[in-house]
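This report describes a structure in terms of its individual residues, its chains and its nonpolar cores. The sequence and coordinates come first.

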Amino acid sequence: LDPAAPKPETLRPQAQPRRSDNRQAPFTLRLSAALAAALGVAVLASLLFPSLIGLPTAATAPSDALLLAALMQSTAVVVSIAVSIALLCGVAGGVTLIELGRRPWGQRLHTAYRLLNAVPSVVVGCVAFGLASRSLTHLVPVGVAQRVVASVVLGLFLAPGVALATERTLSSDGAALEETVRGLGAQPSRVLRQLVLPGSTLKFSALAFSTTSRALGDALIVSLAASQKAWLDFPSGVVMDTLPSFLLDSGATGAVAMNRTAVYLVVLVLVGSSITLKGVCDWVQSEAEGR
Amino acid sequence: VRARVALTVTAVCRGAALLPVVIAAAGVLLLIENARSAEVSIHLGAALRLAAVGSVELLAASALLSVPLGVAVGIYLAEFGQRSAWGRALRLLVHQLSVLPPVLYGLVGVHLLLRGATLDPVWAGALPLALLAWPWIAQTAEDVFARVPEAQREAAAALGARPWSTFRWLVWPQAVPRLTVGIVQVLVRLLAEAAPLVLLQGFLRWACAQGRPCHALASLPALVFSLSSGTEPGQQGGLAALALLAAIAATCWLTRVLYRRVARAPQP
């Protein structure tokens with residue numbers, strides 16, 4: 001029992017092994033990682049700085065700036081209406097899924113949302129603007145503002161994904177605490193209002209940002225709505241296109257080859273806003289997890 | 001009063017939750033009604049066949065390009081580059097590339113065609129799709145490998161196994177079923193992706209009209225788009241949309257079958 005005697009080896013505090021310590025990736029993997037990084041940087045560079053790969057770029061003309069401003073305004077309107085509808089229906093859907101739980105109706109609703117989440121946007125646009133708008137115009141001969149219709153369809157298209165994400169968010173928050181409160185006799189709706197929802201504010205903010213990012217990236221629904229001028233009236237002179245749908249149409253109109261400056265301005269704004277939204281979403285998510 | 005408010009809120013919530021489902025059900029009824037009343041012309045049948053074959057070719061070519069790269073990056077990120085600065089930078093790049101709007105990847109294909117690259121139409125369409133898919137596959141693979149418990153790796157390391165041997169004989173066999181399903185899910189998403197192909201198809205049409213060298217690029221999503229757009233949308237767009245939905249459903253069913261087979265297979 002000599003206090004100066006060295007402690008046995010096994011009683012010494014061991015350093016926690018770190019996952020990446022003493023691990024050297026094989027050459028092929030390192031090569032793949034380097035290749036992937038170079039490829040990613042090349043894609044971003046070719047989109048943002050086309051002159052790097054030899055494509056000529058003209059000086060920015062005032063008309064390009066005007067077009068960009070109109071497109072940004074149109075995009076802001078479409079995205080804000082779509083995100084509002086998606087969040088309203090989606091969060092309500094997520095809350096309903098949580099409330100119904102494992103009851104048969106809850107399971108059915110969950111399956112329906114999963115199926116709807118897998119439907120591609122081109123099919124939604126085809127049904128909404130190729131079939132439904134035509135039928136509705138035969139029934140009700142009134143003009144509808146195209147932009148609003150496109151936004152509503154886009155919002156409803158995004159809603160199932162938001163509902164499933166809301167369900168994941170709500171069910172992952174303090175399940176044990178929730179069960180305890182329920183065990184003490186609290187009603188499910190009260191647990192949801194007073195315990196779950198207040199604790200998920202940051203996660204809902206992250207959800208809103210990711211929904212905005214998805215709405216911003218969808219080109220097909222707006223583009224299909226813009227092509228249905230015969231069925232849906234809208235005031236002439238209003239720019240219908242959003243930023244991505246302008247890019248989508250730029251191939252067919254030749255703008256991608258003829259008016260490169262406008263196209264690259266749009267690309268610049270689109271890439272910048274997508275990356276910013278993703279960054280903000282990740283930051284809010286990490287803040288929420290930190291709490 | 002509180003009980004009434006709670007009841008009203010619940011009713012409004014349920015109404016809002018059911019709204020997308022009800023509208024989607026109406027859309028499905030419309031599609032079925034359209035399919036029953038529409039006449040399948042010889043031209044539409046030929047176009048559907050061409051588009052289906054084109055979609056399969058595009059999917060195979062883009063899978064050939066994106067799956068090896070995506071899986072390799074996923075393995076690197078999950079197993080070797082978790083904490084290194086290089087790994088973090090690569091992960092950030094993969095995350096940023098995965099959120100870019102798909103239409104932007106179509107522009108990369110257009111850039112190549114504008115540069116006069118003599119690409120086969122399948123590869124001209126597959127390259128943007130592969131560029132779009134590899135970050136998704138890398139994220140899926142990283143997630144799948146990270147799910148294998150760390151304690152197993154530590155146990156293997158304690159027994160003297162090298163990291164690569166641990167990965168090859170311990171982690172990889174456990175991850176294969178989920179990885180297969182994840183990759184097929186990404187490919188299903190790719191099958192439905194229309195924006196890059198619509199952009200490329202529009203550019204090729206414009207190039208043909210301008211007398212530039214051009215090729216035909218056929219795919220199911222682009223066919224749905226072109227049949228549904230325009231001032232006179234016909235019933236044919238609905239039929240093409242049904243064909244696309246059937247293709248997606250068939251691929252999903254195949255995924256489930258594949259998952260069951262792979263999960264049942266004896267592991268080394």
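## Ala195(B)

Ala195(B) has a relative accessible area of 5% and is therefore buried, since the cut-off for that class is under 20%. The model in which this value was computed is a predicted one. The residue belongs to helix 8 of chain B, which covers residues 195–209.

Which residues does Ala195(B) contact, once its neighbours within four places in sequence are left aside? They are Leu220(A) and Leu248(A) from chain A, together with Pro102(B) and Val103(B) from chain B. Another residue to place relative to it is Ala222(B): 27 residues separate Ala195(B) from Ala222(B) in sequence, and their C-alpha atoms are 7.9 Å apart.

## Nonpolar cores

Leu248(A), one of the contacts of Ala195(B), also appears in the description of the largest nonpolar core. That core has 136 residues, and the members touching the most other members are Phe129(A), Leu247(A), Leu248(A), Trp134(B) and Phe145(B). The element that gives the most to this core is helix 2 of chain B (residues 42–80), with 16 residues. A second core, separate from this one, consists of six residues, among them Leu97(A), Leu109(A), Ala163(A) and Leu164(A).

As background, nonpolar side chains tend to be buried together in soluble globular proteins.

## Glu142(B)

Is Glu142(B) buried or exposed? Its relative accessibility is 13%, so Glu142(B) counts as buried. Glu142(B) sits in helix 5 of chain B, which runs over residues 121–146. Not counting residues up to four places away in sequence, Glu142(B) touches Gly74(B), Leu77(B), Ala78(B) and Arg91(B). Among these contacts, Gly74(B), Leu77(B) and Ala78(B) fall in helix 2 of chain B, residues 42–80.

## Thr242(A)

In chain A, Thr242(A) lies in the loop that joins helix 9 (220–226) to helix 10 (243–253). Thr242(A) counts as buried because its relative accessibility is 3%, which falls under the 20% limit.

With neighbours within four places in sequence left aside, Thr242(A) is in contact with Leu71(A), Ser74(A), Thr75(A), Val78(A) and Val222(A). Of these, Val222(A) is part of helix 9 (220–226).

## Chain B as a whole

Chain B contains 10 helices and zero strands. Its radius of gyration is 23 Å, whereas a compact globule of 268 residues would have one near 18 Å. The C-alpha trace of chain B spans about 70 × 70 × 35 Å along its principal axes.

Of the 268 residues in chain B, 48% are buried. Among contacts in chain B with a separation of 6 or more, 77% are between residues 24 or more positions apart. The exposed area of chain B is about 13,000 Å², of which carbon and sulfur atoms supply 64%. Chain B carries 21 positive and 11 negative charges, and the mean positions of the two sets are 8 Å apart.

## Chain A as a whole

Chain A has 12 helices and zero strands. Buried residues account for 47% of its 291 residues. In chain A, residues 24 or more positions apart make up 81% of the contacts with a separation of 6 or more. About 14,600 Å² of chain A is exposed, and 64% of that area comes from carbon and sulfur atoms.

Definitions and conventions: Residues are numbered from 1 along each chain as its sequence is written. Chains are lettered from A and ligands numbered from 1 in the order in which they are written. This is a predicted model: local features need pLDDT of at least 70, side-chain atom pairs count only at pLDDT 80 or more; totals for chains, interfaces and linings use all residues. Side-chain values use heavy atoms; hydrogens and water are left out. Helices (H or I, at least four residues) and strands (E, at least two) are DSSP runs, numbered from the N terminus. The radius of gyration is taken over C-alpha atoms; the globule rule is 2.2 Å times the number of residues to the power 0.38. Buried means under 20% relative accessible area, exposed over 50%, partly exposed in between (1.4 Å probe, protein chains only). Contact means heavy atoms within 4.5 Å. Accessible areas come from the Shrake-Rupley method with a 1.4 Å probe; for residues, only the protein chains shown count as cover. Lys and Arg count as positive and Asp and Glu as negative; His and the chain ends are not counted. The place of a charge is taken as NZ of Lys, CZ of Arg, CG of Asp or CD of Glu. A nonpolar core is a set of buried Ala, Val, Leu, Ile, Met, Phe, Trp, Tyr and Cys residues joined through side-chain atoms within 4.5 Å.
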